Amino acid sequence: MNHSVNLIYNDNLMSPLDASKLIIQKTTTPNEKLANDKLVFGKTFTDHMLEIEWTAENGWGTPTISPYHKLTLDPSTIVLHYAFELFEGMKAYRDTDNNIRTFRGDKNMIRMNKSADRICLPTFEGEQLQQLIDKLLVLDESFVPKGQGYSLYLRPTLIGTSESLGVSVPDRALLFVIASPVGPYYGTGFKPVSLEATDYAVRAWPGGVGDKKLGANYAPCVKPQLEAAKRGYQQNLWLFGDEGYITEVGTMNVFFVFKTEDGKNELVTAPLDGTILEGVTRDSVLELAKDKLPSDQWIISERKFTIKDVAEKAAKGELIEAFGAGTAAVVSPIKSIGWKDQEINVPLAAGDSGELTKQIAEWIRQIQYGEVEYKNWSRVAK
Ligand SMILES: *Cc1c(COP(=O)(O)O)cnc(C)c1O
């Protein structure tokens with residue numbers, strides 16, 4: 001019997017997260033909205049933020065939306081020492097009827113709960129947090145920018161707030177959501193990126209936590225990016241193992257398109273083996289590709305493949321295109337990969353991306369901005 005785990009998860013007397021208890025304190029000093037061309041990713045925030053405290057004793061407290069403010073933490077707070085922190089990244093979009101929409105937020109809620117469970121932070125019913133986020137969106141609606149490629153980036157975060165230097169199960173936590181208006185990742189059009197295949201540093205490993213959105217996974221990846229930048233590359237293509245398995249690119253999932261021996265196209269990405277972040281964009285690309293690409297011409301694969309496979313395909317003219325996939329950029333075309341002393345060039349058949357990259361970007365954009373309804377993937381905030 002593991003009593004410490006039972007204490008956290010098996011107490012029916014504790015309050016569940018309940019959106020109907022929301023209290024709203026509106027700002028009396030509204031911020032000025034920046035013009036679209038002044039927006040910098042994650043630098044400015046909306047007038048309000050959402051917070052919910054949790055204690056092991058009482059469960060989830062009263063959800064509160066109040067003016068954006070600094071947090072006050074005791075220096076001993078457990079998040080500052082042992083990285084009890086996880087986050088999500090999702091976006092809200094303004095449609096042509098001025099509704100505010102989120103894209104597949106239910107997937108973010110599931111992933112957030114998986115991350116929380118892994119580091120002994122409290123879980124919650126995802127629909128309740130989605131309803132609370134909707135309320136924040138309605139209140140700060142005027143911060144959701146208008147225009148193609150513009151959106152409001154949402155950052156749900158959960159931290160352990162026990163005040164103690166003991167490494168233990170947190171008995172206090174804070175869930176908060178802040179929101180930042182953002183422009184299109186690449187300005188107008190795509191800007192294909194160059195990658196350095198990275199094998200001297202490893203992002204994630206079997207049995208590790210690379211498949212969870214824990215803050216602790218990200219700081220160690222900044223130095224390898226800096227190293228790659230010194231050599232003229234924009235991002236790391238994270239390899240794993242002596243075989244050089246391709247896992248992810250920067251903080252995105254990665255897709256390649258190959259010509260197969262019998263003249264078909266294969267869209268391939270690494271399988272969810274515990275070392276790959278379960279991207280919502282990754283899942284969307286796979287579902288749309290299976291649904292919309294002709295199955296007699298396309299094979300959609302989640303399988304292991306190596307940098308050597310990519311180099312061989314490129315040498316035979318069978319590398320068609322490659323792109324990263326994640327909420328920030330949606331899809332990010334790849335133009336080249338430096339690997340050892342080779343430079344693998346990736347074709348850009350549509351000018352600054354491959355044809356499929358461009359097509360997928362458009363399919364997803366139409367759903368995000370409510371131009372096309374698809375499988376309840378888009379939710380109007382009410
Ligand atoms: C967030 C993230 C992704 C992309 O996930 P989305 O849900 O598509 O935004 C991919 N890889 C890593 C390492 C990430 O942190």
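## Ser301 and the strands around it

The side chains of Ser301 and Glu266 make a polar contact at 2.5 Å (a pair of N or O atoms within 3.5 Å; within protein, one must be able to donate a hydrogen and the other to accept it, and residues adjacent in sequence count only if both atoms are side-chain atoms). This is a predicted model, in which local features need pLDDT of at least 70 and side-chain atom pairs count only at pLDDT 80 or more, while totals for chains, interfaces and linings use all residues. Numbering starts from 1 along each chain as its sequence is written, and side-chain values use heavy atoms, with hydrogens and water left out.

Let's look at Ser301 itself. Ser301 is buried, at a relative accessible area of 10% (buried means under 20%, with a 1.4 Å probe and protein chains only). Leaving aside residues up to four places away in sequence, Ser301 touches Glu266, Leu267, Val268 and Thr269 (heavy atoms within 4.5 Å).

Now for the strands (DSSP runs of E, at least two residues, numbered from the N terminus). Ser301 sits in β15, residues 298-302. In β14, residues 265-269, five of five residues are buried. One side of β14 holds Asn265, Leu267 and Thr269, the other Glu266 and Val268.

Strands pair if DSSP finds at least two bridges between them; here is how β14 does so:

| Pair | Sense | Bridges | Bridge partners |
|---|---|---|---|
| β13 and β14 | antiparallel | five bridges | Val257 and Leu267 |
| β14 and β15 | parallel | five bridges | Leu267 and Ile300 |

β13 and β14 form a hairpin with five residues between them, and Gly263 in the turn has a positive phi of about 80°.

How values were computed:
Helices (H or I, at least four residues) and strands (E, at least two) are DSSP runs, numbered from the N terminus. Buried means under 20% relative accessible area, exposed over 50%, partly exposed in between (1.4 Å probe, protein chains only).
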